[in-house]
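The exercises below walk through one structure step by step, each with a worked solution. Please keep the sequence and the model in view while reading.

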Amino acid sequence: MPESAAPSTASPQRPPLPLRPEVEGLEGSKILEVWRLGFGRSDLIPLWVGEGDQPTPDFIGRAAVQALHNGHTTYTHKRGWPDLRAALADYAERHYGVRPVDEAISVTSAGMNAIALIMQAIVRPGDEVVVVSPIWPNAPAAARIAGAQVVPVDLDPLPEGGFNLDMEKLASACTSATRAIFVASPSNPTGWMMEREQQRQLLDLCRARGIWLIADEVYHRFVYDRAVAPSFLAIGEPEDPLFIVHSFSKSWAMTGWRLGWMYHPPSMALVFEGLIEFSTSGAPNFLQAGALAALREGEAFAAEITASCATGAEIVHGHLAGLPRVTIAKPQASFYAFFAVEGMRDSLAFAKQILNETGVGLAPGSAFGDGGEGFLRLCFASSHERLEMAMQRLQPVLR
Ligand SMILES: Cc1ncc(COP(=O)(O)O)c(C=O)c1O
């Protein structure tokens, strides 16, 4: 399910005729399974999804409402308003010192849609897509829907908490069938972040072996020891086999707007124009005014939300690190704590137990692939009062 959605509680029914096997075989979300248990509970503290508890700032909302009143209600440019694309080139230049050409930028109906469009563009039935795991399940699901076999490469948990990517393991997971490597950095759910040197090695690997690299950088502002996370944008060449996925959801509290963008090879502008035309036919017209306001006037808000998450990380780490059964590193990036609990064999069962006993909603680590078993994920983008309250409730059950 989308990180934030309240899904239907209706039990699934069999369709009258078979569906595509890729769709029949899709696994249900384990976060959703826990969510169903907590539905309607009045004391619930939901820390299971990827968003905080504050609404979109007013200046963004006002810009969209104004555009609505001004008649921006028609079909519009498939790859997004030209001035929005120009603002996205400015944004890249401001943060990474690189200005992509207009043909390298497409506005999408959020980051998820960008990922699905990329998979549609490149995946052939039977291709393999290697994913750095544990991973937000929507990305591998998009690869599977497009017909790929997903090959997870697990990050290695460090004894003191935190994770490491073994580049040799990643390279040896690639075969002649590998079409793409997907890496989210900063990562959901682990908070791991790829440093520049590994980025160079990975890009070189993809160049040498003719593999597409899909870099999900939607959390690039959520990093706690520097201004922004390292980006492939800073090291890529325009016609590298490289896609960079971004979103308005996280940095400007716009999860419900469903707006994102991607940087892609300029030679693919017409490909994405077509794929967008034949799916959403473009991100909603007047909402793009909100996105433009976010880019032009939203630096202070993005900095504030990151600073608030930095405090959220301190709160969560401060409480959980002292518990003998918990192994947690100080979160370095993204807005998730992904912590191991000694003796926990089944994270889904334990997340349900925690919900029942405390009313705190956490995501089971197994929702992010087999390598996530043994862990729980907690989103610390909520208000500090809420986090403190959650910590008081969690301590007895995690002790
Ligand atoms: C790693 C990652 N990539 C992409 C997305 C997509 O975000 P959206 O579709 O809201 O833009 C999310 C959402 O939680 C995410 O965690």
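**Exercise 1. Find which strands pair with strand β10 and how they run against it.**

Solution. Begin with strand β2 (residues 105-108), which pairs with β10 in the antiparallel sense over four bridges; the model in which this is seen is a predicted one. Within this pair, V107 stands opposite W261 in β10. Next, turn to strand β9 (residues 242-247), which is joined to β10 by four bridges and also runs antiparallel to it, and here I244 is the residue that stands opposite Y263 in β10. Finally, look at the two faces of β10 (residues 260-263): G260 and M262 on one side are buried, as are W261 and Y263 on the other, so that both faces are covered.

**Exercise 2. Determine the order of the strands in the seven-stranded sheet, and say which strands lie at its edges.**

Solution. Going from one side to the other, the order is β2-β10-β9-β8-β7-β3-β4, and these seven strands form an open sheet with mixed pairing. The edges are β2 and β4, each of which pairs on one side only. Neighbouring strands of this sheet are turned by 20° against each other on average, with direction ignored. Helix α5 packs on the sheet, where it touches β2, β7, β8 (212-216), β9 and β10, and its direction makes about 160° with that of β9.

**Exercise 3. Decide whether strand β3 is enclosed or open, and identify its partners.**

Solution. The first step is to count buried residues: six of the six residues of β3 (residues 128-133) are buried, so the strand is largely enclosed by the rest of the structure. The second step is to separate the faces, with E128, V130 and V132 on one side and V129, V131 and S133 on the other, all of them buried. The third step is to look for partners. β3 pairs with strand β4 (residues 149-154) in the parallel sense over six bridges, and the bridge partner of S133 in β4 is D154. β3 also pairs in the parallel sense with strand β7 (residues 178-184), over four bridges, where E128 has T178 as its bridge partner. A last detail concerns S133, which is joined to P134 by a cis peptide bond with omega of about -10°; P134 itself lies in the loop between β3 and α6 (138-145).

**Exercise 4. Check the length of helix α5, and relate the helix to the ligand.**

Solution. Start with the length: at 1.5 Å a residue, the 13 residues of α5 should span 18 Å, and because the C-alpha atoms at its ends are 19 Å apart, the two values agree. Then consider burial, which covers eleven of the 13 residues, so the helix is mostly covered; A110, G111 and M112 are among the buried residues. Now turn to the ligand, which has 14 residues around it, and of these A110, G111, M112, S247 and S249 come nearest. Helix α5 (residues 110-122) gives the most to this shell, with three residues. By class, the shell consists of five nonpolar, seven polar and two charged residues.

**Exercise 5. Compare R258 and S281: what is notable about phi in each, and is each residue buried or exposed?**

Solution. Taking R258 first, its phi is near 60°, a positive value in a residue other than glycine, and its place is in the loop between β9 and β10. Because 20 other C-beta atoms lie within 10 Å, R258 is buried. S281 likewise has a positive phi, of about 60°, although it is not a glycine, and its place is in the loop between α9 (269-277) and α10 (287-297). Because 11 other C-beta atoms lie within 10 Å, S281 is exposed.

**Exercise 6. Describe the four-stranded sheet and the helix that lies across it.**

Solution. The strand order is β11-β12-β15-β14, in an open sheet with antiparallel pairing, and the edge strands are β11 (326-327) and β14 (363-364), each pairing on one side only. Inside the sheet, five bridges join β12 (residues 336-341) to β15 (residues 375-379), and F339 has L376 in β15 as its bridge partner. Helix α11 (residues 299-320) lies across β11, β12 and β15, and runs at about 10° to β12.

Definitions and conventions. Residues are numbered from 1 along each chain as its sequence is written. This is a predicted model: local features need pLDDT of at least 70, side-chain atom pairs count only at pLDDT 80 or more; totals for chains, interfaces and linings use all residues. A residue is near a molecule or strand if its C-beta atom, placed from the backbone, lies within 6 Å of it. Ala, Val, Leu, Ile, Met, Phe, Trp, Tyr, Cys and Pro count as nonpolar, Asp, Glu, Lys and Arg as charged, and the others, Gly among them, as polar. The expected span of a helix is 1.5 Å times one less than its number of residues. A residue is buried if 20 or more other C-beta atoms lie within 10 Å of its own, exposed if 12 or fewer, and partly exposed in between; C-beta atoms are placed from the backbone. Two strands pair if DSSP finds at least two bridges between them. Two residues are in contact if their C-beta atoms, placed from the backbone, lie within 7 Å. Axes are lines fitted to C-alpha atoms, for helices over the stretch in contact, and angles run from 0 to 180 degrees between N-to-C directions.
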